[in-house]
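Work through the exercises below with the sequence and the 3D view open. Try each task before you read its solution.

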Amino acid sequence: MNQRRSRRPAPRPPEGTPAPAELAGMARSRLADAARVAHWADAALGPGGDAATADGKATLSEATAERAAAELGLTVAQVRGDWDTARLAGLIEVHGDSARPGWRLRAWDRDDSAVLRGWVALFDAWSLAHPEPAEHEPAAVAEVVSAMPQVLSFLQLSAGPVPVEQLLDLLQQRVTELRTERCEVSYEPDPEAPTTAAPATRTPPAERAPDLAPLLDWALHALASVGALTYGDGQATLTPLGSWAVWVKLEQICVAAQSPAGNIEQGAEDMLRGCAQLRPNAARAEYRAWLAARPVGSAVTELIDAARGEDALLRGLAFEALRVVGAPAEPDVRAVLDEPTLRPYALLWLAEHDGVDPEDAHEVLTRKEATWLWVDTAAAVADHGEAPMLVRHLESAVQPTVPQLLAEVRAVGHPRTVQVLVALAAAHPDPALAKAVRRAAFQVHTGR
C-alpha cells in the first residue's frame with residue numbers, strides 16, 4: 001500500500017495575478033539597472049579581469065564608481081544607487097573589502113524564480129532602499145516599519161487605489177495597537193491634576209504620538225521606489241508585483257522552483273535543486289541513483305563544485321549527498337577545510353564520518369564557525385523556505401540571547417548578513433525583536 005501522504009495543493013494567487021513568467025519580466029525590468037551594474041562589476045572587476053581597480057579590490061571605491069559611470073554612460077550617483085539596489089536584491093554580495101556576484105545574478109537570464117526572489121529581497125528591504133528622513137525619531141520610524149505590513153495587506157485586499165487619508169487612519173490604528181501591546185500607557189498620576197480626576201481623562205498614547213503623515217509619505221515613496229506600489233494624487237495602488245508579493249507573504253509560501261524531471265540525468269546543481277522539494281528519504285534515494293550513474297570521483301567533484309556556489313541551500317544539500325557517498329569522499333572533503341565557505345560543512349561531515357553522533361557533531365565547530373553556519377543556513381531558509389521556518393531557526397543559534405546573536409552575526413562577516421536579518425525582521429511576529437533585527441541589518445548595510 002502506498003503510505004505517502006498527499007500534499008496540500010498550493011494556494012492559488014488572486015484572480016488577475018499575472019503568470020510567474022510575466023511577474024519575472026516585471027522584476028527584471030525593475031532591477032535592470034542594478035543587474036547591469038552587477039554584470040559590469042563581474043566582468044570588469046572579477047577574477048581574471050583585465051583592468052583592476054586602483055586599490056586592487058573588487059569594491060565600489062570612488063575610482064571604481066567613476067570608471068563604471070564612464071563605461072556605462074551613467075552618473076556616479078546612479079552607479080552607487082544601482083550598486084546599493086544590487087546588494088539588497090542579492091545580485092552582489094559584499095564581504096569585507098571584496099565583492100562577488102550573487103547566485104541570483106548567475107541565474108538571472110534562465111531562472112524566473114531567482115529573479116522573483118531577488119525582487120522580494122528588495123521588497124523586504126524597502127526601508128533600507130530609501131532611508132527615512134533624519135528629523136524623525138528612530139522609535140517612530142521603527143513603529144511605522146512594523147505597522148506597514150498591515151497597510152500593505154489592506155492595499156492588497158482593496159485591489160485598487162486607496163486614499164492616503166484612509167491609509168493614515170489605518171497606520172495610526174496599527175501604531176496604537178503596537179504601543180498598547182507594549183503597555184506604553186502612563187499610569188503615573190498627574191501631580192497638578194485634581195485627585196478626583198477620572199482615569200479616562202488620561203491622554204492615550206496615540207494622541208501623544210507625533211504626526212505620522214510624513215512617515216507614511218516616506219514609507220509610500222520608499223515602497224514606490226522598489227516597485228511595490230504607485231503613489232501620487234493623494235492615493236496609493238499596489239503594482240502587480242507588489243500585490244503578488246504581499247499575497248505570498250500572507251500565504252507564507254515560497255516560490256522555489258519545482259523539482260525538474262529526470263534528476264538522474266542532470267548535473268549536480270540541477271539535481272540538488274530538484275531534490276530540494278523531496279523528503280529526506282526520497283532525496284537520499286535520488287542521490288544514490290544519481291551517484292550510481294557516474295564515476296564516484298567525478299560525482300564528488302561535481303558536488304563540491306555545487307557547494308562552492310552562491311546558493312546556501314545547494315551547499316547543505318551537496319554535503320547531504322556526500323554523506324551518501326561515504327568514505328570515498330573523505331579526501332576531497334578534507335581538501336576543502338581551508339575554504340571558509342565550506343569549512344563548517346566539511347568539519348561536520350568529517351565528525352559524523354568518524355563516528356560522532358550527528359546531534360553532537362556541532363561541538364567540533366568554533367563559535368565563529370557555528371555562527372557562520374547559522375547565517376548560511378538562514379540564507380537558505382530565507383531563499384527557499386517559509387517565514388515560520390526562519391523564525392524557528394532562531395532557536396538553533398548557539399548564542400543564549402538575541403543581542404549576543406546579532407553582535408556575533410555582524411562580526412562574522414557572512415556576505416548574506418543583511419538579507420538574512422531583513423528577512424528575519426520581516427518574518428518575526430515580535431515587534432521589539434523585529435525592530436532590533438532591523439536595526440542590526442541597517443548597521444551592517446551602512447557599515448556603522
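Buried means under 20% relative accessible area, and exposed means over 50%. Keep these cut-offs at hand. The model is predicted.

**Exercise 1. Decide how well helix H18 is covered, and find what covers it.**

Step 1. Locate the helix. H18 spans residues 343-353.

Step 2. Apply the cut-off. Eight of the 11 residues of H18 are buried, so the helix is mostly covered.

Step 3. Name the buried residues. They are Pro344, Tyr345, Ala346, Leu347, Leu348, Trp349, Leu350 and Ala351.

Step 4. Look for the neighbours. The buried residues of H18 pack against three elements: helix H16 (312-325), helix H17 (330-335) and helix H19 (367-384).

Step 5. Check what comes after the helix. Gly355 follows H18, and its phi is positive, near 100°.

**Exercise 2. Work out the strand order of the open three-stranded sheet and say which strands lie at its edges.**

Step 1. Trace the pairings of strand E5. Four bridges join E4 to E5 (residues 235-238). Two bridges join E3 to E5. Both pairs run antiparallel.

Step 2. Write the order. The sheet reads E3-E5-E4.

Step 3. Find the edges. Strand E3 (162-163) and strand E4 (229-232) each pair on one side only. These are the edge strands.

Step 4. Find what packs on the sheet. Helix H8 (residues 138-158) touches E3, E4 and E5. The direction of H8 makes about 75° with that of E5.

Step 5. Match single residues. Tyr231 has Ala236 of E5 as its bridge partner. For Pro163, the bridge partner in E5 is Gln235.

**Exercise 3. Sort the side chains of E5 by face, and say which are buried.**

Step 1. Recall the rule. In a regular strand the side chains alternate between the two faces of the sheet.

Step 2. Apply the rule to E5. Ala236 and Leu238 point to one face. Gln235 and Thr237 point to the other.

Step 3. Compare burial. Ala236 and Leu238 are buried, while Gln235 and Thr237 are not.

**Exercise 4. Find two non-glycine residues with a positive phi, and decide whether each is buried or exposed.**

Step 1. Start in the loop between H8 and E3. Ala159 lies there. Its phi is about 55°, a positive value, although Ala159 is not a glycine.

Step 2. Judge Ala159. Its relative accessibility is 70%, so Ala159 counts as exposed.

Step 3. Move to the loop between E4 and E5. Asp233 lies there. E4 and E5 form a hairpin with two residues between them, and Asp233 is in the turn. Phi of Asp233 is positive, near 55°.

Step 4. Judge Asp233. Its relative accessibility is 80%, so Asp233 counts as exposed.

**Exercise 5. Explain why Arg273 counts as buried, and find a polar partner for its side chain.**

Step 1. Place the residue. Arg273 is in helix H13 (residues 268-275).

Step 2. Use the cut-off. Arg273 has 17% relative accessibility, so it counts as buried.

Step 3. Find the partner. The side chain of Arg273 makes a polar contact with the side chain of Asp311, at 2.9 Å.

**Exercise 6. Describe the largest nonpolar core and follow one of its residues.**

Step 1. Recall the background. In soluble globular proteins, nonpolar side chains tend to be buried together.

Step 2. Give the count. The largest nonpolar core has 135 residues. Those with the most contacts inside it are Met148, Leu272, Leu303, Leu322 and Trp374.

Step 3. Follow Leu272. Leaving out residues up to four places away in sequence, Leu272 touches Tyr287, Leu303, Ala306, Leu314, Leu317, Ala318 and Ala321.

Step 4. Step back to the whole protein. Buried residues make up 46% of its 448 residues.

**Exercise 7. Decide which stretches to read with caution.**

Step 1. Check the overall score. The protein averages a pLDDT of 82, and 84% of the residues score at least 70.

Step 2. Find the low stretches. The pLDDT is below 50 over residues 185-209. The pLDDT is also below 50 over residues 252-261.

Step 3. Draw the conclusion. Where pLDDT is low, the predicted coordinates should not be read in detail.

Definitions and conventions:
Residues are numbered from 1 along each chain as its sequence is written. Side-chain values use heavy atoms; hydrogens and water are left out. Two strands pair if DSSP finds at least two bridges between them. Contact means heavy atoms within 4.5 Å. Axes are lines fitted to C-alpha atoms, for helices over the stretch in contact, and angles run from 0 to 180 degrees between N-to-C directions. Buried means under 20% relative accessible area, exposed over 50%, partly exposed in between (1.4 Å probe, protein chains only). A polar contact is a pair of N or O atoms within 3.5 Å; within protein, one must be able to donate a hydrogen and the other to accept it, and residues adjacent in sequence count only if both atoms are side-chain atoms. A nonpolar core is a set of buried Ala, Val, Leu, Ile, Met, Phe, Trp, Tyr and Cys residues joined through side-chain atoms within 4.5 Å. pLDDT is the predictor's confidence in each residue, from 0 to 100.
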